[in-house]
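Student: I should like to work through this structure step by step. May we take the residues and elements in turn, with a reason for each answer?

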Amino acid sequence: MVQDSWIEQGIEAQGKWIPAEEYDNQQSITRAHSLCVIGDLVCVLRNPHTGAPRLPGGTVENGESPVQTLHREVKEEANLELMDSTLLGVQRVQYGDTHPSYGKDQIYQARYFSKIRRADFVTEDPSGGFTYQRSFVPLDDFAEVIGWGDVAEELVRLAKQKSS
């Protein structure tokens with residue numbers, strides 16, 4: 001079982017990885033993010049204010065499926081068009097208190113593997129009001145770049161399976 005803990009916006013968080021084949025409650029997904037790949041490269045976004053690395057994706061809106069959210073958010077944040085997306089798993093995040101951004105003490109973050117069909121110039125994210133810095137890093141370097149410990153290592157392992 002892959003688990004980790006960290007501090008997020010001053011709140012203790014504990015994450016538990018749930019493999020795709022063990023997760024069956026799509027309705028509880030609150031966020032959807034993807035390892036967007038082209039060849040052996042993965043897209044990593046950085047917040048221009050903090051420099052924090054992240055995967056493209058975001059919050060599931062009313063009436064959207066997680067995959068619809070993923071495609072919309074990846075287009076808005078990274079200006080990438082995806083060919084297909086496969087669920088790798090879900091990270092359940094339990095917070096020690098109500099998270100100020102989510103208004104909940106627990107969220108489920110879907111993690112997908114997606115192949116990039118087309119990449120255009122990055123533009124301003126309409127919901128954030130700024131432009132993410134987009135880079136492509138080798139899949140073998142992703143875990144170190146993103147800094148998510150064992151969860152990142154598991155994402156790399158699963159992405160390599162999907163790539164072959």
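Tutor: Certainly; please keep in mind that this is a predicted model. Let us begin with Asn 79, which is found in the loop between H1 and S7.

Student: Is Asn 79 buried or exposed?

Tutor: A residue counts as buried under 20% relative accessible area. Asn 79 has 9% relative accessibility, so this loop residue is buried.

Student: Which phi value does Asn 79 have?

Tutor: The sign deserves attention here. Asn 79 is a residue other than glycine, and its phi is positive. The value is near 55 degrees.

Student: Arg 134 touches Asn 79. Where is Arg 134 found, and is it buried, partly exposed or exposed?

Tutor: Arg 134 is found in strand S9. Partly exposed covers the range between under 20% and over 50% relative accessible area. Arg 134 has 25% relative accessibility, so the residue counts as partly exposed.

Student: What separation do the C-alpha atoms of Arg 134 and Pro 53 have?

Tutor: Along the chain, Arg 134 and Pro 53 are 81 residues apart. In space, their C-alpha atoms are separated by 9.6 Å.

Student: Where does Tyr 132 lie, and is this residue buried or exposed?

Tutor: Tyr 132 lies in the loop between S8 and strand S9, the latter covering 133-138. Its relative accessible area is 10%, so Tyr 132 is buried.

Student: How many Å apart in space are Tyr 132 and Asn 47, C-alpha to C-alpha?

Tutor: Tyr 132 touches Asn 47, and its other contacts include Leu 45, Pro 48 and Glu 77, with residues up to four places away in sequence not counted. In sequence, Tyr 132 and Asn 47 are 85 residues apart. Their distance in space, C-alpha to C-alpha, is 5.4 Å.

Student: Which residues have the most contacts inside the largest nonpolar core?

Tutor: In soluble globular proteins, nonpolar side chains tend to be buried together. In this model the largest nonpolar core has 22 residues. Among the elements that give two or more residues to this core are strand S3 (31-38), helix H1 (66-78) and strand S7 (80-95). The residues with the most contacts inside the core are Ile 29, Cys 36 and Leu 80.

Student: Which residues does a second, separate core include?

Tutor: This second core has 20 residues. Its members include Val 2, Leu 88, Leu 158 and Ala 159.

Student: What relative accessibility does Cys 36 have?

Tutor: Cys 36 lies in strand S3. Leaving aside neighbours within four places in sequence, Cys 36 is in contact with residues including Leu 41, Val 74, Leu 82 and Ile 116. Cys 36 counts as buried because its relative accessibility is 0%.

Student: How far apart in space are Cys 36 and Ser 65, C-alpha to C-alpha?

Tutor: In sequence, Cys 36 and Ser 65 are 29 residues apart. Their distance in space, C-alpha to C-alpha, is 18 Å.

Student: Is Glu 73 buried or exposed?

Tutor: Glu 73 is found in helix H1. Not counting residues up to four places away in sequence, Glu 73 touches Gly 57, Gly 58, Thr 59 and Ala 78. Its relative accessibility is 6%, so Glu 73 counts as buried.

Student: Is Asp 40 buried or exposed?

Tutor: Asp 40 is found in the loop between S3 and S4. With neighbours within four places in sequence left aside, Asp 40 is in contact with Val 137, Pro 138 and Leu 139. Its relative accessible area is 54%, so Asp 40 is exposed.

Student: How are H2 and H3 oriented, roughly parallel or roughly antiparallel?

Tutor: The axes of helix H2 (residues 139-146) and helix H3 (residues 150-163) come within 9 Å and cross at roughly 160 degrees. Angles over 145 degrees count as roughly antiparallel. Therefore H2 and H3 are roughly antiparallel.

Student: How do the residues of the contact of H2 with H3 divide into nonpolar, polar and charged?

Tutor: The crossing of H2 and H3 is right-handed. Among the residues that meet are Leu 139, Asp 140 and Phe 142 in H2, and Glu 153, Leu 155 and Lys 160 in H3. The residues of this contact divide into eight nonpolar, no polar and three charged.

Note on methods
Residues are numbered from 1 along each chain as its sequence is written. This is a predicted model: local features need pLDDT of at least 70, side-chain atom pairs count only at pLDDT 80 or more; totals for chains, interfaces and linings use all residues. Side-chain values use heavy atoms; hydrogens and water are left out. A nonpolar core is a set of buried Ala, Val, Leu, Ile, Met, Phe, Trp, Tyr and Cys residues joined through side-chain atoms within 4.5 Å. Buried means under 20% relative accessible area, exposed over 50%, partly exposed in between (1.4 Å probe, protein chains only). Helices (H or I, at least four residues) and strands (E, at least two) are DSSP runs, numbered from the N terminus. Axes are lines fitted to C-alpha atoms, for helices over the stretch in contact, and angles run from 0 to 180 degrees between N-to-C directions. Angles under 35 degrees count as roughly parallel, over 145 as roughly antiparallel, 65 to 115 as roughly perpendicular and the rest as oblique. A crossing is left-handed if the near helix is turned anticlockwise from the far one by less than a right angle, and right-handed if clockwise. Contact means heavy atoms within 4.5 Å. Ala, Val, Leu, Ile, Met, Phe, Trp, Tyr, Cys and Pro count as nonpolar, Asp, Glu, Lys and Arg as charged, and the others, Gly among them, as polar.
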